[in-house]
Each structure stands twice: as C-alpha cells, then as structure tokens.
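Below is a short note on the chain, set out as numbered points. Please read it alongside the sequence and the coordinates.

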Amino acid sequence: MPVQFKPNYHYDTDEKRQYLNGKSIVFHCHHYICLFTQLADDAKLFNGEQVLRETAEETFYQLLNDYAAENSTVKTIEDRCSIAEQYFAFVGLGALSLSVTETGGSVAMPYSHIDEGWIKKWGTREEAVNFVGQGYIAAACAFIYNLPCASFRAEETQSIVAGADGSTFVVESI
C-alpha cells in the first residue's frame, strides 16, 4: 500500500500566513486562480500561459521533492505517485489519476477546481484553461521518476471547461 500524505498545517497568527510542511502556501481559491489564469491567457505578447505552466511546474516540483526528502517513508515510484495525487487534492486543485511511465502516459482529472471556477465565472469555452494543472502534472512526473524539473510536458487534450465530464492530459518526456 502506498504511503499516505501527512500534512503538517500551521497558521502563523503574527505573520498572517499559512504553512504546509514548513513551506508558505496559499490554499486554492477558484476566484484567485481563475483571475490569474485569465490574465495569463490574455498575455499573448509574452506567452502568459507558458509562464504560468512553468511557474507551477517549478514550484510544485520543489515542494514535492522537499516533502519526499523530509519523509523517509516515500521510497517507491508508487509512493511518489500517491503523494503527488494526494498533494494535488489536499491543496484544493482537484483530483488526479496518474498513469505514467518514464517516457510519458496519460492523466485523468475527474475534478478540477480551476475548470469549475472558470465555468462559474465565465462559462464554458473550447480551449483548455488548466495551465496550472499542466505544470503540476509535468512536475509530478519528474518527481515520480526522480528526474530533473522540465523533463516532461503535459498537454490537456480533453477539458471540463469545454464540456467534458473530466479532463485528460497526455504526458510526454522531453
């Protein structure tokens, strides 16, 4: 049985900041994340979508690796996969089911707080909006296989925001 994610949550009343496993964190809020997703989507001049994907990838890659380094029970690929899925859910981004190898694979996202928030704020649209999810999935794959950040690319091929029952991502090693 894979290891269970053990959150260590702390709210610092003096600093008015939240900490998860010793790292400052902002728990997910669909109003906040939808706004900066829209801003990234609008920022065509400097490829805001890519900036958001890469920022999410670098940030979550570090957080996942720090967690594994601080928890000696995270030993196997299955453990790493389980931690990545649990972390995504714990911080409020939705639900992931990773089916990946060192060369790629697919990811099912039956629930996405980003997509649900987007639909509530602006309605459906044809293009995918889960840039943060793409970055997270790329980071998770690199974490799972103990590879450097930016070793994978995730592309959303089916999207809740476009009317699908769940989102699907294709993952490729790069």
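**Fold, surface and core**

1. Read from the N terminus, the chain runs β-β-β-α-α-α-β-β-α-α-β-β. That order comprises five helices and seven strands. The model is a predicted one.

2. The chain is as compact as a globular protein of its length, because its radius of gyration is 16 Å, close to the 16 Å that the globule rule gives for 174 residues. The C-alpha trace spans about 45 × 45 × 30 Å along its principal axes.

3. Of the contacts in the chain with a separation of 6 or more, 59% are made by residues 24 or more positions apart. Buried residues account for 48% of the 174 residues.

4. On the outside, the accessible surface amounts to about 9000 Å². Carbon and sulfur atoms hold 52% of that surface. As for charge, there are 12 positive and 23 negative side chains. The centres of these two sets lie 5 Å apart.

5. The largest nonpolar core consists of 48 residues. Within this core, Phe60, Tyr87, Tyr136 and Ile137 have the most contacts. Helix H5, residues 131-144, is the element that gives the most to the core, with eleven residues.

6. Which residues does Ile137 touch, leaving aside its neighbours within four places in sequence? Ile137 is in contact with Leu96, Val107 and Met109, and also with Ala154, Phe169 and Val171. Ile137 is also among the residues with the most contacts inside the largest nonpolar core, so this list, with contact taken as heavy atoms within 4.5 Å, is a suitable place to start when viewing the core.

Notes: Residues numbered from 1 in each chain as written. Predicted model: local features only at pLDDT ≥ 70, side-chain atom pairs only at ≥ 80, totals over all residues. Heavy atoms only, no water. Helix = DSSP H or I, 4+ residues; strand = E, 2+ residues; numbered from the N terminus. Rg over C-alpha atoms; globule rule 2.2 N^0.38 Å. Buried < 20%, exposed > 50% of the residue type's maximum accessible area, 1.4 Å probe, protein only. Areas by Shrake-Rupley, 256 points an atom, 1.4 Å probe, with all protein chains shown as cover. Lys, Arg positive; Asp, Glu negative; His and termini not counted. Charge placed at Lys NZ, Arg CZ, Asp CG, Glu CD. Core = buried A, V, L, I, M, F, W, Y, C linked by side-chain atoms within 4.5 Å.
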